[in-house]
Number of protein chains: 2
Amino acid sequence: MSDTVTEPAPSSAAQRQSDRRTEILDAAERCFARSGFHRASMQDICGEASMSPGNLYRYFPSKEALIAGICERNRAEAVASFAMVDEAPNFFEGLAGLARHHLVDRTDAEVGLCAEIMAESRRHPEIAKLYQTIEGDIKERIAAMLRNGAKRGEIRSDVDFDAAAAVLMVLGDGMSWRRSVDPQFNAESALPLILQMIHCLLAKQDNKTGNCAGTSEKAAS
Amino acid sequence: MSDTVTEPAPSSAAQRQSDRRTEILDAAERCFARSGFHRASMQDICGEASMSPGNLYRYFPSKEALIAGICERNRAEAVASFAMVDEAPNFFEGLAGLARHHLVDRTDAEVGLCAEIMAESRRHPEIAKLYQTIEGDIKERIAAMLRNGAKRGEIRSDVDFDAAAAVLMVLGDGMSWRRSVDPQFNAESALPLILQMIHCLLAKQDNKTGNCAGTSEKAAS
DNA sequence: TCTATGAGAGTGAACGTTCATTCTCATTTG
DNA sequence: CAAATGAGAATGAACGTTCACTCTCATAGA
């Protein structure tokens, strides 16, 4: 706007705006995780962000935009977490790390927030579209990860990679929801069995001895 | 109540009442599946049931009671579906039938309704309690099914049956949510892979040749 | 240096709507 | 007639959103 003259604080304003937005999203995340999307009122979020409604609406045009913003942040974080797979010594350890990170290490609040977004995407078409784009992206990355693992000879190459990616997402969603809904569910102790099943689905059979069952302790790592 | 005298139409009144209740629950199911629990208003449900609000409240004291009623019906249906397992020729075919019935044959509306109930149980403590009771019951039945399969020598007997039951519920929830949330997900084509994984987890290793991967077409049935 | 100006961050009461629930009254049934 | 069954307008609370206004503070003019 006023860039004809010198720029005393050019990014400062934009930075302030961006900081404020993340502060608001943080507050909204806390409220949504605590009470769910429908029961968390804008007043609650305003209180959590120490801000008046009018001012909050200067940063986000609607409640829906808050979820959309949170979705985008989660997407960025999820995408980043795929980097760890490339650093792992082999396919299965990379997958195990990814699974642990997403399904065990996350706090209940984070997992609950994901559940909330999933549930919400069943209602709001806008959210649904955004969510499906993100999930499609993630599924594509998983499939690529599988193809890569096959190319490097670490997993079978005669599987339908897209179908396998879908199955992995089934497992992820299932674990998340069980955590969200069943207080007795222990993700930590379920993970080894899950990894064992995945190993069985994807590992190359070394036709003589290698039965999938034998790898359970390994997979638990 | 009035059983001191003869019973000219003893069940008639109670029967009418009960019929009306199921009609209302049917209507509510349709509305909840279509719009979700929060967006389906009592007015909508009244319209769907061709009934006035005042009258509907004579049969159910609150909106929450409607979900509770639907939960109970679902529980009854789920419990009944376990009967088919006993009629199956062996454990894995019984499990496959159960899985197909719950995860493939169900309509989108039925699956969506389950998703709705799960999401709702995250908010309403009353619903959460009811839901957890039901899920605990189902998990117990699955564990019993596993123990029975082991006793008959059809599956391994050195697995933690409760943990395995939890994993099976993870798979069920995951499939349901993927169906609810991802229009591209095809439960029909994912099921064989799922069953293959389960087979690998539970089948007795016939120490020489039997690798789980070989059973994929069988398990697909 | 001191005041005037203006932009935009921030406020919180108020609005219009939606919704679950209740109240009042009519109709049917036994 | 009395009780059960039904209809539908009314109620009151809660919510997302808006609006008229204030506060803060950097720069411009004197």
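A base nitrogen of DNA strand D lies 3.1 Å from an N or O atom in the side chain of B:S52, and that is a friendly place to start in this predicted model. B:S52 is also one of the residues closest to DNA strand D, in a group with A:M42, A:Y57, A:K63 and B:Y59. The backbone of this strand has its own partners. A polar backbone atom of A:M42 is 2.7 Å from a phosphate oxygen of DNA strand D, while an N or O atom in the side chain of B:R20 is 3.2 Å from a phosphate oxygen of the strand.

Step back a little, and you will find 17 residues surrounding DNA strand D. By class they divide into 7 nonpolar, 7 polar and 3 charged. Which elements give two or more residues to this surface? They are helix 2 (42-48) and helix 3 of chain A, together with helix 3 of chain B. Helix 3 of chain B gives the most, with 5 residues. On the DNA side, 57% of the strand D atoms within 4 Å of the protein belong to sugar or phosphate, and the rest to bases.

Now let us turn to the other strand. DNA strand C is surrounded by 16 residues, and the closest are A:N55, A:R58, B:M42, B:Y57 and B:K63. A polar side-chain atom of B:K63 lies 2.3 Å from a phosphate oxygen of this strand. Chain A takes part through backbone atoms: a polar one of A:S52 is 2.8 Å from a phosphate oxygen of DNA strand C, and a polar one of A:G54 is 3.2 Å from a base oxygen. Helix 3 (53-56) of chain A and helix 3 (53-59) of chain B are the elements that give two or more residues to the surface near DNA strand C. That surface has 7 nonpolar, 6 polar and 3 charged residues. Of the strand C atoms within 4 Å of the protein, 66% belong to sugar or phosphate and the rest to bases.

How do the two protein chains relate? Chain B can be laid on chain A with an RMSD of 0.1 Å, using a turn of 180° and a shift of 0.0 Å along the axis. This is the relation of a two-fold axis. In chain B, the C-alpha nearest the axis is that of B:G174, at 1.8 Å from it.

Aromatic rings are worth a look next. Over all chains the structure holds 5 aromatic pairs. In one of them, the ring centres of A:F32 and A:F37 are 5.0 Å apart and the planes meet at 65°; planes over 60 degrees apart count as edge-to-face, so this pair is edge-to-face. Both phenylalanines, A:F32 and A:F37, are buried. A:W177 and B:W177 form a stacked pair, 4.1 Å centre to centre with 5° between the planes. This pair crosses between chains, from helix 9 (residues 161-181) of chain A to helix 9 (residues 161-181) of chain B. A:W177 is buried, with a relative accessible area of 1%, and B:W177 is buried with a relative accessible area of 1%.

Charges sit over rings as well. A:K63 lies over the face of A:F37, at 4.7 Å from the ring centre. In chain B, the charged end of B:R58 sits over the ring of B:Y59, 5.8 Å from its centre.

One last stop is A:S121, in helix 7 (residues 108-121) of chain A. A:S121 is buried, with a relative accessible area of 7%, and its side chain reaches the backbone oxygen of A:M118 at 3.0 Å.

Technical notes: Residues are numbered from 1 along each chain as its sequence is written. Chains are lettered from A and ligands numbered from 1 in the order in which they are written. This is a predicted model: local features need pLDDT of at least 70, side-chain atom pairs count only at pLDDT 80 or more; totals for chains, interfaces and linings use all residues. Side-chain values use heavy atoms; hydrogens and water are left out. Rings of Phe, Tyr and Trp (its six-membered ring) pair if their centres lie within 6.5 Å; planes under 30 degrees apart count as stacked, over 60 as edge-to-face and the rest as tilted. Buried means under 20% relative accessible area, exposed over 50%, partly exposed in between (1.4 Å probe, protein chains only). Helices (H or I, at least four residues) and strands (E, at least two) are DSSP runs, numbered from the N terminus. A charge sits over a ring if NZ of Lys or CZ of Arg is within 6 Å of the ring centre and within 35 degrees of the ring normal. A residue is near a molecule or strand if one of its heavy atoms lies within 4 Å of it. A polar contact is a pair of N or O atoms within 3.5 Å; within protein, one must be able to donate a hydrogen and the other to accept it, and residues adjacent in sequence count only if both atoms are side-chain atoms. Ala, Val, Leu, Ile, Met, Phe, Trp, Tyr, Cys and Pro count as nonpolar, Asp, Glu, Lys and Arg as charged, and the others, Gly among them, as polar. Copies are superposed by least squares on the C-alpha atoms of residues with pLDDT of at least 70 in both.
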